[in-house]
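Reader: I would like a close look at a single part of this protein, set out with some care, and then a guide to how the rest of the chain is arranged around other features.

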Amino acid sequence: MFFDDTIAAISTPIGKAAISVIRISGPDAAAVAGQVFKPLKCPLENLPPRYAAYGKFYAGGKIIDDGIAVLYRAPSSFTGQDMVELSCHGGMLVTQCILEQLLLAGARLAAPGEFTRRAYCLGKLDLSQAEAIALTLEAKNRAALAVGAAQREGILSGKIKDIFDEITDIVASVYVYFDFPDEDLSDVGPDELKSRLLDISDKLHALLASYTTGRAVTEGIPTTICGKPNSGKSSLLNRLLGTERAIVTDIAGTTRDTIEETAVVGNVTLRLCDTAGIRETDDAVEKIGISRAISAAQSAELILAVFDGSAPLDGDDEKILTLVSEWSAAGKKIIAVINKADLPQKLTEGDVTSRADFDAALRVSAALGDGFDKLADIISSLYIDGSLDFGSDAILTGARQYSAVEGALHRIESAIAALEEGMTADIVGLDLEEALKKLGELDGRSVSEEVVDSIFRNFCVGK
């Protein structure tokens, strides 16, 4: 892709603010910006790099604002091209007027994520670092911020590079032996080769294992809250969110449809879905809500099954327990949440855990907040690997990254199997070359244009 044009975009949210920032990148960035912004001391094109210059913004020969310009010269900029960042007052109209003047001066409006894409294509960062920028923008907890910062610093990229280089070295040794079998040029025998490949396999397995933690921290776990009517599902949702999102009344069946929100519990992000109470009913609308509740649970990874601790189990609870057994058999993680601990108790954890398979059970009060620290600890124990350091360990955070590492591991294991079966060196080498291609997808060395498009399409304009 060629970047011989100059782009501009507003990089701060549109609305009233102290300042707005407008970015320009491309070979004519300084010339374009210089037609709109006039520093007091010298033409913008003559500014020293990274110097914040005060000046005036012009439109139609008239001053419309004052502010600051910073010039960055290629290749020492975010994109690797000449860049200018203009800071003006944060009014919607003035910001838009300045952008319009830049477009009239020869720039074009940047596409979503185009600044970061130029940085990637011009070698300022690799694909996993670009994804880390999006991760940081979308972070919903401090753990996600730490993971994003680590990936931007190249922690994951460095880990992948080390493995990539090691496989490359092995491939070279394999092909030297294959091309010159009588010259004894390769110093890697079959046993040592297998040992090195097993070590690489262990490293890839460890990376794959990190994905459970990375995904829980960043993308979030699809979670459904289910139970019979009036067990406190909506109160549980509100407590987890820290706001009165769902209507709570003493009338059974208040919730008729699913309510979807995102909550942070400890270091885990939960993509929550509150559902209609599951019970036998003749109400046509309520039946639809119950059907959606069951469907939501079937699609979830984590289920919070809520029971009313102030009442003994009844027929509706037994239906929930039957469903829990089905969901557990399907591989769902399920926590029994015995609610209303602030009221006299008529239900124990054993009453529910003896009837169905739960990953954990606890007693809470959604009304008072009791037990929610324990709930956070339980959820963290299911999804967070405590041995990982968010700020210094390589952690996979996306399905694309996971797929690339999994594909590389499959090829490494295939190469090991080929060695064990006494296959020729060229067969082993082919598997290792495919492993390199898969790892190359992670940092962008061998990724398709379609994948790159899909990644940067989700960035905002101006980033």
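In the open sheet of seven strands, what is the order of the strands?

Author: This is a predicted model, and what follows should be read as a description of that model. The open sheet of seven strands has the order β3-β4-β5-β6-β2-β1-β7, and its pairing is mixed. At the edges stand β3 (37-39) and β7 (108-109), each of which has a single partner strand, so one side of each is left without a neighbour in the sheet. Away from those edges, strand β1 (residues 7-10) pairs with strand β2 (residues 17-25) in the antiparallel sense, over four bridges, and A8 stands opposite I24 in β2.

Two helices can be placed against these strands. Helix α1 (residues 29-36) packs on the sheet and touches β2, β3, β4 (52-59), β5 (62-72) and β6 (83-90), with a direction that makes about 85 degrees with that of β3. Helix α2 (residues 92-104) lies across β1, β2, β4, β5, β6 and β7, and runs at about 150 degrees to β6. In the loop between β5 and β6 one finds P75, and the peptide bond leading from A74 to P75 is cis, with omega near 0 degrees. A further detail concerns R23, whose charged end sits over the ring of F115, 5.4 Å from the centre of that ring.

Beyond the sheet, another strand pairing deserves a look. Strand β9 (residues 259-265) and strand β10 (residues 268-274) run antiparallel and are joined by seven bridges; V264, for example, has T269 in β10 as its bridge partner. These two strands form a hairpin with two residues between them, and G266 in the turn has a positive phi of about 65 degrees.

A positive phi also occurs in residues other than glycine. N230, in the loop between β8 (221-227) and α8 (233-241), has a phi near 65 degrees, and with 34% relative accessibility N230 counts as partly exposed. K340, which is not a glycine either, has a positive phi of about 65 degrees and lies in the loop between β12 (333-339) and α11 (349-353); unlike a partly exposed residue, K340 is buried, since its relative accessible area is 18% and the limit for buried is under 20%.

As for the interior, the largest nonpolar core has 37 residues, and those with the most contacts inside it are L236, L240, L302, I335 and I379. Helix α12 (residues 372-383) supplies the largest share of this core, seven residues. Leaving aside residues up to four places away in sequence, L236 touches I225, L304, V306, V337, A366, F372 and L375. A second, separate core of 33 residues includes I170, A394, A408 and V428.

Finally, there are three aromatic pairs in the structure. One of them is formed by Y211 and Y402, and this pair is tilted, at 4.8 Å centre to centre with 35 degrees between the planes. Because Y211 lies in helix α7 (residues 190-217) and Y402 in helix α13 (residues 399-420), the pair ties together parts that are 191 residues apart in sequence. As to accessibility, Y211 is buried, with a relative accessible area of 13%, whereas Y402, at 26%, counts as partly exposed.

Technical notes. Residues numbered from 1 in each chain as written. Predicted model: local features only at pLDDT ≥ 70, side-chain atom pairs only at ≥ 80, totals over all residues. Heavy atoms only, no water. Core = buried A, V, L, I, M, F, W, Y, C linked by side-chain atoms within 4.5 Å. Buried < 20%, exposed > 50% of the residue type's maximum accessible area, 1.4 Å probe, protein only. Contact = heavy atoms within 4.5 Å. Phe/Tyr/Trp six-rings, centres within 6.5 Å; stacked < 30°, edge-to-face > 60°. Lys NZ or Arg CZ within 6 Å of the ring centre and 35° of its normal. Pairing = 2+ DSSP bridges. Axes fitted to C-alpha atoms, helices over the stretch in contact; angles between N-to-C directions.
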